[in-house]
Amino acid sequence: MKILIIMFWLLLPMLSQAKTTFSYYKCVTDKAVVYSQHPCAANAEQHTLSHSDPQAPAPTGQHTKTLNNIERQQLVLRLKKTLRAKKHQAAILGRKRDEATRDEQRRISRMMEKSERAKTLKDVKRNIKSINTTYLKEVKLLNKEIASLEKRLKRLE
């Protein structure tokens, strides 16, 4: 009799593991979807996973749509981040151009002779033209990249 009781207590954990359940929470925020064991926000949805036999085959349901949606969401998120980075890069280029132009214009305001001033003025105009030409080329490339990213993003959303 004692042996039966001992065997029962030894087999009890194995019987309780025959059905596995797990609860988790899904929180959707502005930045991402978060899965957690504890409620992570006021809008947390509780989900429960249960499986009776770990050796059983997976359900035959089609999960490709779900996976495709997740992949599409990741692509959209990456495109938005890249787009924001490119726009930031364009703003930085504008600031650098403005700073270089100001530096060149400061050269003119220095006290100097008329001949030296005319020579410096010519040099400053040439440098500003070069700065603007370089800036326009770089901005044109960035705008093309931004337009293609926005087009891809529009297609995915």
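This is a short walk through the structure above, from its overall layout down to a few residues.

Okay, thanks everyone. First thing to keep in mind: what you're looking at is a predicted model. The mean pLDDT of the protein is 79, and 76% of the residues come in at 70 or more. That confidence isn't spread evenly. Of the elements, helix 3 has the highest mean pLDDT, at 90, while helix 1, residues 2-16, has the lowest, at 50. Then there's the stretch 14-18, where pLDDT stays under 50. The model does give that stretch four contacts beyond four places in sequence, but where pLDDT is low, the coordinates shouldn't be read in detail. So please don't zoom in there.

Now the layout. We have three helices and three strands, and starting from the N terminus the order is α-β-β-β-α-α. If you look at contacts with a separation of 6 or more, 56% of them join residues 24 or more positions apart.

What about the inside? Buried residues make up 15% of the 157 residues. The largest nonpolar core has six members: Val 76, Leu 79 and Leu 83, plus Ile 146, Leu 149 and Leu 153. Helix 2, which is 64-108, and helix 3, which is 114-156, each put in at least two of those residues. There's also another core apart from that one, with five residues, including Ala 90, Leu 93, Tyr 135 and Val 139. As a general point, nonpolar side chains in soluble globular proteins tend to be buried together.

Let me pick out Leu 149 from the six-residue core. Which residues is Leu 149 in contact with, once we skip its neighbours within four places in sequence? They're Leu 79, Thr 82, Leu 83 and Lys 86.

Over to the strands. Gln 46 sits in strand 3, residues 45-51. Ignoring residues up to four places away, Gln 46 touches Ser 23, Tyr 24 and Tyr 25. Compare that with Ser 36: it's 10 residues from Gln 46 in sequence, and the two C-alphas are 9.5 Å apart.

Last stop, the surface. The protein exposes about 13,500 Å², and 58% of that comes from carbon and sulfur atoms. There's a nonpolar patch out there made of Val 28, Val 33 and Tyr 35, with about 280 Å² of accessible area together. Val 28 belongs to strand 1, residues 20-28. Why does Val 28 count as partly exposed? Because its relative accessibility is 45%, and partly exposed covers the range between 20% and 50%.

That's all from me.

Definitions and conventions
Residues numbered from 1 in each chain as written. Predicted model: local features only at pLDDT ≥ 70, side-chain atom pairs only at ≥ 80, totals over all residues. Heavy atoms only, no water. Patch = residues over 30% accessible without salt bridge, like charges linked within 9 Å, V, L, I, M, F, W, Y side chains within 5 Å. Areas by Shrake-Rupley, 256 points an atom, 1.4 Å probe, with all protein chains shown as cover. Salt bridge = Lys/Arg side-chain N within 4 Å of Asp/Glu carboxyl O. Helix = DSSP H or I, 4+ residues; strand = E, 2+ residues; numbered from the N terminus. Buried < 20%, exposed > 50% of the residue type's maximum accessible area, 1.4 Å probe, protein only. Core = buried A, V, L, I, M, F, W, Y, C linked by side-chain atoms within 4.5 Å. Contact = heavy atoms within 4.5 Å. pLDDT = per-residue confidence, 0-100.
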